[in-house]
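Colleague: Could we go through this model together? I should like to begin with one helix and then turn to the way the chains meet.

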Number of protein chains: 2
Amino acid sequence: MAAWAKRLAGVRGVLLDISGVLYDSGEGGGTPIDGSVEAVARLKRSQLKVRFCTNESQKSRGELVRLLRRLGFNISEDEVTAPAPAACQILKERGLRPHLLIHDGVRPEFDQIDTSNPNCVVMADAGDDFSYRNMNQAFQLLMELERPVLISLGKGRYYKETSGLMLDVGAYMKALEYACGIEAEVVGKPSPEFFRSALQAMGLEAHQAVMIGDDIVGDVGGAQQCGMRALQVRTGKFRPSDEHHPEVQADGYVDNLAEAVDLLLQHAHE
Amino acid sequence: MAAWAKRLAGVRGVLLDISGVLYDSGEGGGTPIDGSVEAVARLKRSQLKVRFCTNESQKSRGELVRLLRRLGFNISEDEVTAPAPAACQILKERGLRPHLLIHDGVRPEFDQIDTSNPNCVVMADAGDDFSYRNMNQAFQLLMELERPVLISLGKGRYYKETSGLMLDVGAYMKALEYACGIEAEVVGKPSPEFFRSALQAMGLEAHQAVMIGDDIVGDVGGAQQCGMRALQVRTGKFRPSDEHHPEVQADGYVDNLAEAVDLLLQHAHE
């Protein structure tokens, strides 16, 4: 691999994944990943632009930001690109009235959305609310629609909590896709529109930004597809086999966000 | 289409799917499909061999047969080919100790199976037991195995209960396949081994048998792949679009089992 100086040349902004990079969710809210609180603070004091780009769909942005601030992070709601608000915009633009297969924590994001007489299904990481009954209700509704529309907030396979790996929304999206014989529309990483909206909020071009995430496909592969560079951290759901992924090769692998920030502050402006 | 006489020439035995052909499951056990009780009785009085070939995996064969007899059907346990006993044989042959993601109703089939220190997952139609917690437990176990083995009793998309369409095991199989990045081994229809074991039990060659089912892919397509003929009934999970399926064309479509038996008794021996 080329030296870090070359790999990070011209970077002017950083997109940070949240779960598995800043903290691991779990009992009592979760635990910050060692060094990440300070790493975010150092980034924010630097000349680099910073934005948070998450597929979190169990919590509203407000709830997520309150949790992260309690854990010590310097973060505010308007710095976060998250799938629920992006989905709401799509619903409004297309006159869609969703049946919501979501966790109660994210429900406030949909407060302004008409959910009467639904003509589509929106699914998010519902956690324990992915009961058979709730899945079947969404399935039956899709089967009754002449043109079934399924919108999924992300398509992650799993994420890491402090207690272990947890099934993510992507697994349940695949279940409904197969049962209904349809393809879901994904809002969130790795959708290019989603990355582009985060870049736009920073006022940067793709080649000026680097994504830092723990998901080799959703974070790294997705960002690279958009023309960004991307680093994978060896925290969160990272697994050693990711470094030999058959399709995606990160622009660099780092032990954690702290190491990524060390390298960025040293090399980004060279 | 050719005349029925030509399509059914040389048929000496009939394989009957159960759910959606004999009865629709649901509240209080379920409801026989009009004319099916008499149709089975007429078949059994004929010269045709009869065997039941089901992907039922929520109930043990014993429980299923008791239910069907209560609904009026002439059926005994040794006439039924079902996936749970087939899976048990595979587990024993390969020294596999399963974690069972199944409904309590089918648990007795696994009484003789060692489930200590599991080295694979066996999943069946678990119904309400497809909770997030149970799915996640199976997922975590598969992710810990060096060579993850997932055995699924069938891969149906959905089935019909008296109250409506219900998600089947195949949807949840797809969820685990995607989350773990693996491919499940399917025991049951449409697996050729499964059809062949039913043919063997009847002592017939594939070209001498016709499958009657409500599933255009699992019943009709699977049986045809094995060299059998296959009819689809317009009961159970049948949908009008099945008659224009992009990949599978049945040897005939009939309103229900009663009509299929009328045609068979008239033409099979011609």
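**Helix and interface**

Modeller: In this predicted model, helix α8 of chain A, residues 216-225, has 7 of its 10 residues buried, so the helix is largely enclosed by the rest of the structure.

Colleague: Which residues of α8(A) are buried?

Modeller: They are A:I216, A:G218, A:D219, A:V220, A:G221, A:G222 and A:A223.

Colleague: And what do the buried residues of α8(A) pack against?

Modeller: Their partners in chain A are the helix α7 (192-202) and the strands β12 (209-213), β13 (229-233) and β14 (252-254).

Colleague: What happens at the start of α8(A)?

Modeller: There, A:D215 brings a side-chain oxygen to within 2.9 Å of the backbone nitrogen of A:V217.

Colleague: Which residue follows the helix α8(A)?

Modeller: That is A:G227, which has a positive phi, near 95°.

Colleague: Let us change topic. How many residues does each chain bring to the contact between chain B and chain A?

Modeller: Chain B brings 29 residues and chain A brings 29 residues. Between them the two chains bury about 2600 Å², and 63% of this area lies on carbon and sulfur atoms.

Colleague: Which three residues supply more of the area that chain B buries than any other three?

Modeller: B:Y132, B:L167 and B:Y178 do, with 32% of the area that chain B buries against chain A.

Colleague: How many salt bridges are there between chain B and chain A, and how many residue pairs in polar contact?

Modeller: The count of salt bridges is 0, whereas 14 residue pairs are in polar contact across the interface, both residues of each pair being at pLDDT 80 or more.

Colleague: Which elements of chain B supply at least two residues each to the side that touches chain A?

Modeller: They are α5 (132-144), β9 (158-161), β10 (164-167) and α6 (169-180) of chain B. Of these, α6(B) gives the most, with 8 residues. By class, that side of chain B has 16 nonpolar, 8 polar and 5 charged residues.

Colleague: One last point. What turn lays chain B on chain A?

Modeller: A turn of 180° does so, with a shift of 0.0 Å along the axis and an RMSD of 0.0 Å. That is the relation of a two-fold axis.

Colleague: What percentage of the contact residues of chain B recur in chain A?

Modeller: The figure is 100%, and the same surface serves both copies.

Technical notes: Residues are numbered from 1 along each chain as its sequence is written. Chains are lettered from A and ligands numbered from 1 in the order in which they are written. This is a predicted model: local features need pLDDT of at least 70, side-chain atom pairs count only at pLDDT 80 or more; totals for chains, interfaces and linings use all residues. Side-chain values use heavy atoms; hydrogens and water are left out. Contact means heavy atoms within 4.5 Å. Buried area is the accessible area (1.4 Å probe) that two parts lose on being put together, summed over both. A salt bridge is a side-chain nitrogen of Lys or Arg within 4 Å of a carboxyl oxygen of Asp or Glu. A polar contact is a pair of N or O atoms within 3.5 Å; within protein, one must be able to donate a hydrogen and the other to accept it, and residues adjacent in sequence count only if both atoms are side-chain atoms. Helices (H or I, at least four residues) and strands (E, at least two) are DSSP runs, numbered from the N terminus. Ala, Val, Leu, Ile, Met, Phe, Trp, Tyr, Cys and Pro count as nonpolar, Asp, Glu, Lys and Arg as charged, and the others, Gly among them, as polar. Copies are superposed by least squares on the C-alpha atoms of residues with pLDDT of at least 70 in both. Buried means under 20% relative accessible area, exposed over 50%, partly exposed in between (1.4 Å probe, protein chains only).
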